[in-house]
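Q: Please select one part of this model and examine it closely. Then set it beside the other features that a bench biochemist would wish to locate.

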Amino acid sequence: VRPSAFQNPNEILIDAVTGKPITTKKLTLSQRPILAIPQRLYKPPIPQYTLTLSPKKNLGRFKPLNGVYGSGYSPKSHFPHISDALKDCHCQFIRFPQDDGFRFTLATIFPNIKAAADSPRSYNFAPLDEYLREAAKTGAAAVWTALYDIGGGDHWAPPAFFQAGRPPRNPKKWAQVVKHIVMHINDNWGGPSPRRIQFVECYNEPMGLGGCNPKQYFRLYAEFAKALSDFNANTKHPVKLLGFGEPVHLGPSSPKRDPSKISLAKEFIQHILKNQLQLDALAIHPYASSPYHIYLLVRRYRKMLQKQELPNLPLALTEYGSIFSHTKRDEAAESVSYKLAAFQTAVKIWIQNLGVCLATGARAAPSAIPNRPKRNWTPFFKKDKTPLPAALTMKILSQLSKQTPVICDTTQPDANCFAAVALRSKNSVSFSVIASNFSKQKRYLTLNVPQNRIITFASEVQFKDGKIVMTSITPETLRKPLTVKPYRLRIIVLRLR
């Protein structure tokens, strides 16, 4: 090998036997033959994946983790509310009202900073009740994100114009406001409420969009936690408290910059433990254009919690994504939705055993963010409420989690962004295979069926015209490697005897 090949950007070194690229610059005499070829001629070997339909193996219970950011409430006049459509697609979690506008913020609900926090007359519950009335139709568990400050601090923050706020000036008082709002929602304080909530997130990206520094946020969380713990001690309908809620990314760390924010999360956890505060799940917002990177971030946080002697504290992905770098501005709705379905399904498969209690990853209804283009679709639904592939995928994952709840095999996470899982029923008769390919290349999956079992039935899930269609396939088809197209899913159900 020419020494210059290591520095030549137009050439690549490959193992002449395996065809894999050589990344090390230290070569031994016993190493296999190495070739230097032009980059334009190199085609990497296509990865092969295998799943075994094991009747005995049990890797845990499959969780569909179906959730949306926002809810079925549409803040845009051109797009209808879609709560009934979300319910039909078996959405489990909704998270609101981030980016839904300023009608539902704390400053609107409690408009007079000088008013008494314990008086129902101090509150304007009408807009929130309107929102909750619509959200109730989803049938999903609700995460209410307490937004923001208070005293009219809410604003659309450039450059992306997400909904932002400023640190509350009186954390104790605003903690009491939050407590009394939850009392209204869950216990009908100050008037009947259309529905209850199960989670309160304190609050959205506090040290970014929330405008806090760490010291401010830690104090704010302490006051919120004390107030809501007091509420929980005196109600039949307690709420779980989610904290931290910061956007986290992969990238090189330095003493001044840590994109993963692991060190900041450790400080937060230590603050929780020192002050014996309620925290039912650590909320994070892992953002990356690769589902593999989302997995790496979640795994990193799980390891951090284990080191902090909190191995059983759940993680809540109250935001995660995103697919936008993989889409074009004028791309068709169905194509975008397939990409979201592939992205989210890969993430869901890989984080099954990382202690994630909920995941809400993309908006089902349009946001209220100004100057966004008016579309007659979202990644989940068309304007006429026809479900797109991302919504239909939620529905089929929910169904399969009930019919075949046991994970019996899964592929290992890797940077090729192909994820597959095999599920089985408790009696090991029914099986399902879910394969997701979030990449530009075809992937191939081989199914291993035990020698003493035969396939008596096989069918593949397809999405057509907003409906789930089951298409019969022959057992012979499953004995060959299954091709999974770029940015697509393959979902197969079968029975063995």
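A: The part chosen is the second largest pocket, whose lining comprises six nonpolar, two polar and four charged residues (nonpolar: Ala, Val, Leu, Ile, Met, Phe, Trp, Tyr, Cys and Pro; charged: Asp, Glu, Lys and Arg; polar: the others, Gly among them). The model is predicted, so local features require pLDDT of at least 70 and side-chain atom pairs pLDDT 80 or more, whereas totals for chains, interfaces and linings use all residues. Residues are numbered from 1 along each chain as its sequence is written, and side-chain values use heavy atoms, without hydrogens or water.

The second largest pocket holds about 280 Å³ of space, a volume being the space filled by probe spheres set on grid points joined across faces, edges and corners. Its lining consists of Y338, E460, V461, Q462, F463, T483, V484, K485, R488, L489, R490 and I491. At least two lining residues come from each of strand 18 (455-464), strand 20 (482-484) and strand 21 (488-496) (DSSP runs numbered from the N terminus: helices are H or I, at least four residues; strands are E, at least two). Two residues of this lining, Y338 and R488, also meet as a charge and a ring: R488 lies over the face of Y338, 4.0 Å from the ring centre (NZ of Lys or CZ of Arg within 6 Å of the centre and within 35 degrees of the ring normal). The charged end of R495 is likewise placed over the ring of F457, at 4.5 Å from its centre.

The largest pocket provides a setting for comparison. About 1200 Å³ of space lies in it. Of its 39 lining residues, F324, R363, S367, R372 and R375 lie nearest the centre. Helix 8 gives the most to this lining, with four residues, and the lining as a whole divides into 18 nonpolar, 10 polar and 11 charged residues.

Helix 8 (333-350) also contributes to the largest cavity, where helix 8 and helix 9 (389-403) each supply at least two lining residues. This is the one cavity of 30 Å³ or more in the structure, and its volume is about 40 Å³. A341, Q344, T345, K348, A390, T393, M394 and L397 line the largest cavity; four of the lining residues are nonpolar, three polar and one charged. On a 1 Å grid over the protein atoms alone, a 1.4 Å probe fits in a cavity but cannot get out, while a pocket is open with protein on both sides within 12 Å along at least five of seven lines; lining residues have an atom within 4 Å of a point.

Across the whole structure, 24 aromatic pairs are found. The ring centres of Y73 and Y131 are 4.6 Å apart and their planes lie at 25°, so this pair is stacked (Phe, Tyr or six-membered Trp ring centres within 6.5 Å; planes under 30 degrees stacked, over 60 edge-to-face, the rest tilted). The two residues are 58 apart in the chain: Y73 belongs to the loop between strand 4 (67-69) and helix 1 (83-88), and Y131 to helix 3 (residues 126-135). Y73 is buried at 6% relative accessible area, as is Y131 at 0% (buried under 20%, exposed over 50%, partly exposed in between; 1.4 Å probe, protein chains only). Ring pairs also join F110, Y123, F125, W174 and W189 into a cluster.

The search finds zero disulfides (cysteine sulfur atoms within 2.5 Å). For C89, the nearest cysteine sulfur is that of C91, 8.9 Å away.
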